[in-house]
Amino acid sequence: MSALPWATQNAPGHAIGLYAQWTPALDAKIEAAQQHLRDACAAHHDGLVQSSSLGVEDMVITDLISRAGLSVHISTLDTGKLHAETLGLLPQIKDRYGFDIEVFSPVAEAVVEFVTRQGDDAMYKSIELRKACCGVRKMEPLSRMLAGRSAWITGLRREQSGARGDVAFDEDDGSGTGRRKISPIADWTWAEVWAYVEKYAVPYNPLHDQFMPSIGCAPCTRAIAVGEDFRAGRWWWEDSSKECGLHAKS
Ligand code: SF4
């Protein structure tokens, strides 16, 4: 259901040229997204954090925050397995917006222990080991990122996958704590995301120019082929829901 329309073209070039398409609805969607962010700031104050993957959707949200003049704490996870291009966005965000991004990393001893026991390529051996790697490198640092927070902002969009088809703008995050998950661009299309990037010259990961619409850790991300689903390049060797647990449903 989430095969990308542009994937029917095999044109070389940059992501903006391939994907960007301003739609009649986009001006209203931009205003609505900024209103969701204003409402979240008013409701949660310092309890609010943008959890940025540094993917293009999250870069758009950071730009929306800046453009709306909002003060939002922004954090990201450095799993130790990210592409250099992904981490290269941190100084760009500082230069462009003046925002310092708080970086959460896994516990070094836990990573060493996991790699020693299971190997550096454990993610390819079984879904259980892949999820265990995500547990050590992503879930544990995420739990520290969200500790004491009452809401987090994500770049989830309904179009990204069937599992995300019912993402709400503001919903319980399933943690059992009452914490809210705010997804201000849940209704945006991929074409609209890139139209926004083009109009406002939003910095983005150059790997998006190499047919990687969804970018995670380097060992677990590849370019997608013509006609493949949006998240087909994530854990491509698995027949799974292509989720790491960050956005698991309760
Ligand atoms: S995406 Fe891959 S490398 Fe990253 S934490 Fe999960 S299994 Fe490990």
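These legends accompany several close-up views of a predicted model.

**View A. The six-stranded sheet and its edges.** Let us begin with the sheet as a whole. Its 6 strands make an open sheet with mixed pairing, and their order is S3-S2-S1-S4-S6-S5. Strand S3 (102-104) and strand S5 (170-172) are the edge strands, each of them pairing on one side only. From one strand to the next, the twist averages 30°. Helix H7 (residues 127-146) packs on this sheet, where it touches S1, S2, S3 and S4. The direction of H7 makes about 165° with that of S2. As a reminder for this view, strands of a sheet pair through backbone hydrogen bonds, in either a parallel or an antiparallel arrangement.

**View B. Strand S1 and its two neighbours.** Here we move in on S1, which covers residues 48-51. Which way do its side chains point? Leu48 and Gln50 point one way, while Val49 and Ser51 point the other way, and all of these residues are buried. S1 pairs with strand S4 (residues 151-153) in the parallel sense, over 3 bridges. Across this pairing, Val49 stands opposite Trp152, and Gln50 stands opposite Ile153. S1 also pairs in the parallel sense with strand S2 (residues 73-77), again over 3 bridges. Gln50 takes part here too, with Ile74 of S2 as its bridge partner. Between these two strands the chain runs from S1 through H3 to S2, a β-α-β crossover that is right-handed.

**View C. Helix H8 and the helices it packs against.** Now for a helix, H8, made up of residues 190-200. Which of its residues are buried? They are Trp190, Glu192, Val193, Trp194, Tyr196 and Val197. In an α-helix there are 3.6 residues a turn, so residues three or four places apart point the same way. The buried residues of H8 pack against three partners: helix H1 (15-19), helix H2 (26-44) and helix H3 (56-67). Just after H8 comes Ala201, which has a positive phi, near 50°.

**View D. The shell around the ligand.** We finish at the ligand, which 13 residues surround. Which of them are the closest? They are Cys133, Cys134, Arg137, Cys217 and Cys220. Sorted by class, this shell contains 7 nonpolar, 2 polar and 4 charged residues.

Terms used. Residues numbered from 1 in each chain as written. Predicted model: local features only at pLDDT ≥ 70, side-chain atom pairs only at ≥ 80, totals over all residues. Near = placed C-beta within 6 Å. Nonpolar A, V, L, I, M, F, W, Y, C, P; charged D, E, K, R; others polar. Buried ≥ 20, exposed ≤ 12 C-beta atoms within 10 Å, placed from the backbone. Helix = DSSP H or I, 4+ residues; strand = E, 2+ residues; numbered from the N terminus. Contact = placed C-beta atoms within 7 Å. Pairing = 2+ DSSP bridges. Right-handed = clockwise from strand over helix to strand, strands pointing away. Axes fitted to C-alpha atoms, helices over the stretch in contact; angles between N-to-C directions.
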